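Please open the model in your viewer and keep the sequence panel beside it. The stops below say what to select and what is there.

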Amino acid sequence: SIGIDLDSSGAFINDTTVQADDIGIDIDGDNAQIGNSSITASGDALLADGIAVEANSQNFVIEDSVIENSSVGIRVEDDDGTPAIVRNQILNNSDVGVDVLDRDTGEGTVNFNDIVDNNVGIDVTNGNGDELDEAFANFYGDASGPSGTVRAPGTPNFDVSLGGSGDQIRAGGSNDNIDEFLPFLTQSVTE
């Protein structure tokens, strides 16, 4: 089941609590905005997404919300716009906090979020040219920063180990990269 289905342009959700089995909020329209909300999708589905951004949904904003206890907190598929995921708490998701799939342009931002206690914090590794322009200034649950290995910008054969103990950033397929993932925050954005 889907908690809320945003299938029109310019949809706005504010101060809302959503609990669903499969997808908490499904975005399938341009310029959607979600703010000050609590989203959980805790069903038995393999892909229980807190928020699912469907193919070609452009220029959405997810801000000041709690996305937790899902399989994937936020899944972004085939978006070529300029999405912004800012000032959220993305917590306790069993698979991935923010999963970026099939993005062809690198204009998206994931900044000033608490990305904590997810199996993987941010994942852009499916090898289809996924890009995420900015993923800096996030807190990954430990002052030492995120763990994981990422592809260094502009260097197709050079991986960088992040060396922290927080949630993992996973990027580094042949076409995948995170252009900006540093600096990270050493404490929660809510403190």
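The tour goes from the whole chain to a sheet, then to the core, and ends at single residues.

**Stop 1: the whole chain**

Show the chain as a cartoon, and keep in mind that this is a predicted model. The chain has 21 strands and zero helices. It is 191 residues long, and 51% of those residues count as buried. Switch on a surface: the chain exposes about 7800 Å², and carbon and sulfur atoms supply 42% of that area. Now consider the contacts between residues at least 6 apart in sequence: 55% of them join residues at least 24 apart.

**Stop 2: an open sheet**

Select strands E3, E6, E9, E12 and E15, which form an open sheet in that order with parallel pairing. Which strands stand at the edges? They are strand E3 (17-20) and strand E15 (114-116); each has a single partner strand, so one side of each is left without a neighbour in the sheet. On average, neighbouring strands of this sheet are turned by 5° against each other, direction ignored.

Zoom in on the E3 end. E3 pairs with strand E6 (residues 38-41) in the parallel sense, over four bridges. To see one such match, pick Ala20, whose bridge partner in E6 is Ala41.

**Stop 3: the nonpolar core**

Next, look at the largest nonpolar core, which has 31 residues. Which members touch the most other members? Select Ile25, Ile27, Ile51 and Ile85 to see them. Several strands each supply at least two residues of this core: E4 (23-27), E7 (49-53), E10 (72-77), E13 (96-101), E16 (120-124) and E20 (166-171).

Stay on Ile27 and show its surroundings. Leaving out residues up to four places away in sequence, Ile27 touches Leu6, Ala32, Ile34, Ile51, Ala52, Val53, Glu54, Ser57 and Phe60. One of these, Ile51, is also among the four core members just selected.

**Stop 4: Asp49 and Arg75**

Select Asp49 in strand E7 and Arg75 in strand E10. Are these two residues buried or exposed? Asp49 is buried, with a relative accessible area of 5%. Arg75 is buried too, at 7%; both values fall under the 20% cut-off for buried residues.

Draw the distance between the two side chains: a polar contact of 3.1 Å joins Arg75 and Asp49. Then show what else surrounds each residue, leaving aside residues up to four places away in sequence. Asp49 is in contact with Asp22, Ile23, Gly24, Ala41, Ser70, Val72, Gly73 and Arg75. Ala41 in that list is the bridge partner of Ala20 from the second stop. Arg75 touches Leu47, Asp49, Ile51, Ala52, Val53, Asp99 and Leu101.

**Stop 5: Asp114**

Move to Asp114 in strand E15, one of the edge strands of the open sheet. Asp114 counts as buried, at 4% relative accessibility. With which side chain does the side chain of Asp114 make a polar contact? The partner is Ser188, at 2.4 Å.

Neighbours within four places in sequence aside, Asp114 is in contact with Asn88, Gln89, Ile90, Leu91, Phe139, Ser188, Val189 and Thr190. For a distance across the sequence, select Val66 as well: Asp114 and Val66 are 48 residues apart along the chain, and their C-alpha atoms are separated by 9.4 Å.

**Stop 6: two loop residues with positive phi**

Select Asp64, in the loop between strand E8 (61-63) and strand E9 (66-68). Its phi is near 50°, a positive value in a residue other than glycine. Asp64 is partly exposed, with a relative accessible area of 31%.

Then select Ala137, in the loop between strand E17 (131-134) and strand E18 (146-151). Ala137 has a positive phi of about 60° although it is not a glycine. Ala137 counts as buried, at 5% relative accessibility.

**Stop 7: Leu182**

Finish in the segment after strand E21 (177-180), where Leu182 is placed. Leu182 counts as partly exposed, at 48% relative accessibility. Add Asn138 to the selection: Leu182 and Asn138 lie 44 residues apart along the chain, with 8.8 Å between their C-alpha atoms.

Note on methods
Residues numbered from 1 in each chain as written. Predicted model: local features only at pLDDT ≥ 70, side-chain atom pairs only at ≥ 80, totals over all residues. Heavy atoms only, no water. Core = buried A, V, L, I, M, F, W, Y, C linked by side-chain atoms within 4.5 Å. Buried < 20%, exposed > 50% of the residue type's maximum accessible area, 1.4 Å probe, protein only. Contact = heavy atoms within 4.5 Å. Pairing = 2+ DSSP bridges. Axes fitted to C-alpha atoms, helices over the stretch in contact; angles between N-to-C directions. Areas by Shrake-Rupley, 256 points an atom, 1.4 Å probe, with all protein chains shown as cover. Polar contact = N/O pair within 3.5 Å; in protein donor to acceptor, adjacent residues only side chain to side chain.
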